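Visitor: Please take me through one part of this model in close detail. Then connect that part to the rest of the chain.

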Amino acid sequence: MFNGSLTYGEVDMAAFKELLSQADPKEGDVFYDIGSGTGKALMTAAAFFPFSKAVGIEILEVCFFFPSLAYLPYAVKDLHEAASVVIEKGQSALELFACKNVSAVLHDSFKYDWTDGDVVFAAATCFDDEMMAQYLDKVLKLKSGARIVSLTRALTHPELRLAHNRRYKYAKGAINAFVYVRL
Ligand SMILES: C[S@@+](CC[C@H](N)C(=O)[O-])C[C@H]1O[C@@H](n2cnc3c(N)ncnc32)[C@H](O)[C@@H]1O
């Protein structure tokens, strides 16, 4: 049976970097990507922001095992070149990452503990209402001051303050993005 929540889409790295900066990542913060797919958003977060830990959680093996690490050196190289940083021959892309502690787990995000997250991202575009309810439930377990970055679907709760809302480039089009602060 087709499950719409597993429909695939990926962030545009440059747009995602810009969006994530709206969540004001701070040195030592912990980052999670809820439904990390092949790791494009995860690696962008790790490349550019000084997280102490960046974790992707993905439910589908086919996405999880897709070798994002194989293409990411090239993608990150492009990004760093765009930022006027040249990768020397033999230098690993990971050396240029602001966060060196990057990992991915094959797990259902709604059954995994990510309550230590300071910045949590979900491309919630394909989340159905039941998933949104589960997601909100988990988000409310985050500490006060945590920032939640969400695509397409808004989160409405008195303990979440909307800090930013704008459209960003995504895949071949544009997408509505929200940044909330957990009160
Ligand atoms: C739209 S893709 C986003 C990929 C990546 N975060 C990005 O924005 O580039 C959503 C991903 O969420 C995954 N997903 C859906 N439900 C999930 C769940 N309950 N736990 C973990 N991952 C899930 C899908 O398999 C898919 O890879």
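Guide: Valine 139 is buried, because 23 other C-beta atoms lie within 10 Å. The cut-offs: buried means 20 or more other C-beta atoms within 10 Å of a residue's own, exposed means 12 or fewer, and partly exposed lies in between, with C-beta atoms placed from the backbone. This is a predicted model, in which local features need pLDDT of at least 70 and side-chain atom pairs count only at pLDDT 80 or more, while totals for chains, interfaces and linings use all residues. Residues are numbered from 1 along each chain as its sequence is written.

Valine 139 belongs to helix H6, residues 129-139. Helices (H or I, at least four residues) and strands (E, at least two) are DSSP runs numbered from the N terminus. Leaving out residues up to four places away in sequence, valine 139 touches Ile148 and Leu155. Touching, or contact, means C-beta atoms, placed from the backbone, within 7 Å. Glutamate 159 is 20 residues from valine 139 along the chain, and their C-alpha atoms are separated by 10.0 Å.

Ile148 leads on to valine 120. Beyond four places in sequence, valine 120 is in contact with Ile148, and also with Tyr32, Ile34, Trp114, Leu142 and Ala146. Val120 is among the residues that touch the most other members of the largest nonpolar core, along with Ala45, Ala46, Ala54 and Val149. That core has 47 residues. Its largest share, seven residues, comes from H2. A nonpolar core is a set of buried Ala, Val, Leu, Ile, Met, Phe, Trp, Tyr and Cys residues joined through C-beta atoms within 7 Å. In soluble globular proteins, nonpolar side chains tend to be buried together.

Now H2 itself. Nine of its nine residues are buried. They run from Lys40 through Ala41, Leu42, Met43, Thr44, Ala45, Ala46 and Ala47 to Phe48. Phenylalanine 51 follows in the loop between H2 and E2. Phenylalanine 51 is buried, since 25 other C-beta atoms lie within 10 Å. Not counting residues up to four places away, its contacts are Pro25, Asp29, Val30, Phe31, Ala45, Ala46 and Cys99. Its C-alpha atom is 5.8 Å from that of glutamate 27, 24 residues away along the chain.

Phe31 takes us to the strands. Phenylalanine 31 stands opposite alanine 54 in E2. Five bridges join E1 to E2, and the two run parallel. Strands pair when DSSP finds at least two bridges between them. In E2, five of six residues are buried.

H2 and E2 also meet the ligand. Each gives two or more residues to the shell around the ligand. Of the 23 residues there, Gly35, Gly37, Ile59, Ser109 and Ala123 come nearest. A residue is near the ligand if its C-beta atom, placed from the backbone, lies within 6 Å of it. The shell divides into 11 nonpolar, seven polar and five charged residues. Here Ala, Val, Leu, Ile, Met, Phe, Trp, Tyr, Cys and Pro count as nonpolar, Asp, Glu, Lys and Arg as charged, and the others, Gly among them, as polar.

Further along, E6 and strand E7 (residues 173-182) run antiparallel, joined by 10 bridges. Tyrosine 168 stands opposite isoleucine 175 in E7. Two residues lie between the strands of this hairpin, where alanine 171 takes a positive phi near 45 degrees.

Two loop residues also have positive phi without being glycine. Threonine 152 sits at about 70 degrees, in the loop between strand E5 (147-151) and strand E6 (160-170). Aspartate 24 sits at about 55 degrees, in the loop between helix H1 (13-21) and strand E1 (30-34). Threonine 152 counts as partly exposed, because 16 C-beta neighbours lie inside 10 Å. Aspartate 24 is partly exposed as well, with 15 other C-beta atoms within 10 Å.

Finally, the confidence. pLDDT is the predictor's confidence in each residue, from 0 to 100. The protein averages 84, and 77% of the residues score at least 70. Among its elements, strand E4 (residues 119-122) has the highest mean, 98, and helix H4 (residues 68-82) the lowest, 53. Over residues 82-86 the score stays under 50. Where pLDDT is low, the predicted coordinates should not be read in detail.

Key
Contact = placed C-beta atoms within 7 Å.
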